[in-house]
Amino acid sequence: MKIKRIDSYTDGRFSKRVLNQHGAYLVFDTPYEVEIISSTEAVIRGNNPDFYKALIEEFRFHAPHIVLFYDKTGKIVEEYPQPNLIEIELDSIQPSQFFVDEEKLEAVQTFIHKPEDIVIQVIPWKTRYISLDGHTRLYLAEQSGFNFVKAVICDTEDWVWRFVREAEQRNILCPRDMVLLPHERYVIEWNQYCEDIFGE
């Protein structure tokens with residue numbers, strides 16, 4: 001199935017709230033939305049309900065803590081077991097990313113208001129944890145004075161170790177060390193690094 005996640009924050013086909021949450025998708029070039037409405041729930045909208053399950057699976061790759069999905073009428077579409085959430089201190093988190101996008105940070109600020117709003121994916125590492133996703137949220141947590149965030153322990157692939165080694169070499173050892181960049185520079189520096197790694 002052809003599913004594309006929309007990374008832009010200015011696309012008239014989707015609501016601003018959904019764009020800020022990164023819940024906007026094209027399924028066979030048709031707009032679909034997944035809007036988070038609580039710490040565990042979301043509403044899914046789009047023309048063809050037959051596509052909802054595949055879209056939800058795609059969405060949950062980035063948000064495994066969202067386990068209950070409704071359609072626009074309030075009917076339950078899918079329900080999953082609640083993963084075990086753990087509480088992690090920010091200083092115990094090793095980022096696997098070096099930069100933060102100013103534009104994305106502004107979007108994330110619209111729906112992150114307290115530590116419990118942040119749920120990231122991690123893997124245990126030494127006496128700490130490696131963050132696999134949610135680096136903008138982690139940076140915001142640091143800027144907001146939060147001491148901890150919620151996390152789900154997930155599996156990952158070997159590529160993450162190259163990112164972690166590079167982060168260590170750049171002295172990016174916890175969320176506060178990540179570098180905030182204007183959007184245009186972020187796209188150049190971070191996207192180019194990822195393309196170099198995955199293009200090998």
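**Sheet, helix α4 and nonpolar cores**

Strands β4 (residues 41–45) and β5 (residues 68–70) pair in the parallel sense over three bridges; strands are DSSP runs of E of at least two residues, helices runs of H or I of at least four, both numbered from the N terminus, and two strands pair if DSSP finds at least two bridges between them. The model is predicted, so that local features need pLDDT of at least 70 and side-chain atom pairs count only at pLDDT 80 or more, whereas totals for chains, interfaces and linings use all residues. Residues are numbered from 1 along each chain as its sequence is written, and side-chain values use heavy atoms, with hydrogens and water left out.

Within the β4–β5 pairing, Glu41 has Leu68 of β5 as its bridge partner. An open sheet of six strands runs in the order β1-β2-β3-β4-β5-β6, with mixed pairing. Because β1 and β6 (76–79) stand at the edges with a single partner strand each, one side of each is left without a neighbour in the sheet. From one strand to the next, the twist averages 25 degrees. Helix α2 (residues 52–60) packs on this sheet and touches β1, β2 (24–27), β3 (30–36), β4, β5 and β6, its direction making about 55 degrees with that of β3. Contact denotes heavy atoms within 4.5 Å; axes are lines fitted to C-alpha atoms, for helices over the stretch in contact, and angles run from 0 to 180 degrees between N-to-C directions.

Lys2 lies in the segment before β1 (3–5). Residues up to four places away in sequence not being counted, Lys2 touches Leu26, Val27, Phe28 and Asp29. The C-alpha atoms of Lys2 and Asp29 are separated by 8.0 Å, the two residues being 27 apart along the chain.

Helix α4 (residues 135–143) includes His135. Eight of the nine residues of α4 are buried, that is, under 20% relative accessible area, against over 50% for exposed and in between for partly exposed (1.4 Å probe, protein chains only). His135 counts as buried at 4% relative accessibility. Outside the four nearest places in sequence, His135 touches Pro95, Ser96, Gln97, Val100 and Met178. Just after α4, Gly145 takes a positive phi of about 80 degrees.

The largest nonpolar core (buried Ala, Val, Leu, Ile, Met, Phe, Trp, Tyr and Cys residues joined through side-chain atoms within 4.5 Å) has 30 residues; Phe98, Leu138 and Trp190 are among those with the most contacts inside it. The largest share of this core, five residues, comes from α6. Another core, of 17 residues, lies apart from it and includes Tyr25, Phe51, Tyr52 and Val67.
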